[in-house]
Amino acid sequence: MRRDGAANREKVLLAAEHVFAEKGAAAATDEVAQRAGVSIATVFRNFATKQDLIEATACRYLEKLTAQALALAESQDAGKAFASLMRSLAAAGPVKMTLLDLLPPHDDDGQGLSRPVTEAADAFRAALEGALHRAQAAGAARPDVTGDDVSLLLRALAYATDLSEGEALDRAVGIVLDGLGVPR
């Protein structure tokens, strides 16, 4: 892909992230194009359907969260790194859940999701579990906590959180961290 084509694709994905987060299923591809500063033809040249755009946006967002989790895992203090990751993921949760809710329904095995979405979700989950295991190994998280527990708590925070509720979100994440045995 040419450099300008790659730059336009990235602009479209970034705009789609914001538009889908704000409007959910009611978001229109022409609004994505307008926000990205490109033509609707550019959007459809990169993504044949709105569903393709949603899937690519979800993948990109999950990849961004995975990279963040992996970067924090490199921290010397596993407990602080896990606490930072939880705070970051709780804040990012509403956008993530909105994007994932726009994907087709799937069963517990991920059936119904495209391979790229499934792979991005698996990589994210592995990074999250890796950070948890590191914190547990350092004695900075309860040993009986599982990745499923953390995922459930993050989903609950995401669904209960409005992006404007900064102070309330901080308190809620603090309570969750206390329950997980993670030092703040």
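At which residue does α5 bend, and by about how many degrees? Keep that in mind as we walk through this predicted model.

**Stop 1: helix α5**

Select residues 78-101, which make up α5. Now pick out Gly 93: here α5 bends by about 50°. Add Pro 94 to your selection, a proline that follows within four residues of the bend. Next, show the surface of the helix. α5 is mostly covered, with 17 of its 24 residues buried.

Slide along to the start of α5 and display Asp 77 and Gly 79. A side-chain oxygen of Asp 77 comes to within 3.0 Å of the backbone nitrogen of Gly 79.

**Stop 2: the largest cavity**

Time to look for empty space. Rolling a probe the size of a water molecule over the atoms shows where such space is left. In this structure there are two cavities of 30 Å³ or more, and the largest has a volume of about 50 Å³.

To find the largest cavity, select its lining: Leu 65, Leu 89, Gly 93, Lys 96, Met 97, Phe 124, Leu 154, Arg 155 and Ala 158. You will recognise Gly 93, the residue at the bend of α5. Two elements, α5 and α7 (147-160), give two or more residues to this lining. α5 gives the most, with four residues. Try colouring the lining by character: six residues are nonpolar, one is polar and two are charged.

**Stop 3: the second largest cavity**

Now select Ala 69, Leu 72, Ala 73, Ala 78, Ala 81, Phe 82, Ala 131 and Arg 134, the residues that line the second largest cavity. Its volume is about 40 Å³. Which elements each supply at least two residues of this lining? They are α4 (50-73), α5 and α6 (115-137). Colour by character again, and you get seven nonpolar residues, no polar ones and one charged.

**Stop 4: Val 32**

Leave Ala 69, one of the lining residues of the second largest cavity, on display and select Val 32 as well. A distance label between their C-alpha atoms should read 28 Å, for two residues that are 37 apart along the chain.

Val 32 lies in helix α2, which covers residues 29-36. Is Val 32 buried or exposed? Val 32 is buried, because its relative accessible area is 0%, and buried means under 20%. To see its surroundings, select Val 12, Ala 15, Ala 16, Val 19 and Leu 53: Val 32 touches these residues, leaving aside those up to four places away in sequence.

How values were computed:
Residues are numbered from 1 along each chain as its sequence is written. This is a predicted model: local features need pLDDT of at least 70, side-chain atom pairs count only at pLDDT 80 or more; totals for chains, interfaces and linings use all residues. Side-chain values use heavy atoms; hydrogens and water are left out. Buried means under 20% relative accessible area, exposed over 50%, partly exposed in between (1.4 Å probe, protein chains only). Contact means heavy atoms within 4.5 Å. On a 1 Å grid over the protein atoms alone, a cavity is a set of points where a 1.4 Å probe fits but cannot get out, and a pocket is an open set with protein on both sides within 12 Å along at least five of seven lines; lining residues have an atom within 4 Å of a point. Grid points are joined across faces, edges and corners, and a volume is the space filled by probe spheres set on the points. Ala, Val, Leu, Ile, Met, Phe, Trp, Tyr, Cys and Pro count as nonpolar, Asp, Glu, Lys and Arg as charged, and the others, Gly among them, as polar. The bend at a residue is the angle between axes fitted to the seven residues ending there and the seven starting there. A polar contact is a pair of N or O atoms within 3.5 Å; within protein, one must be able to donate a hydrogen and the other to accept it, and residues adjacent in sequence count only if both atoms are side-chain atoms.
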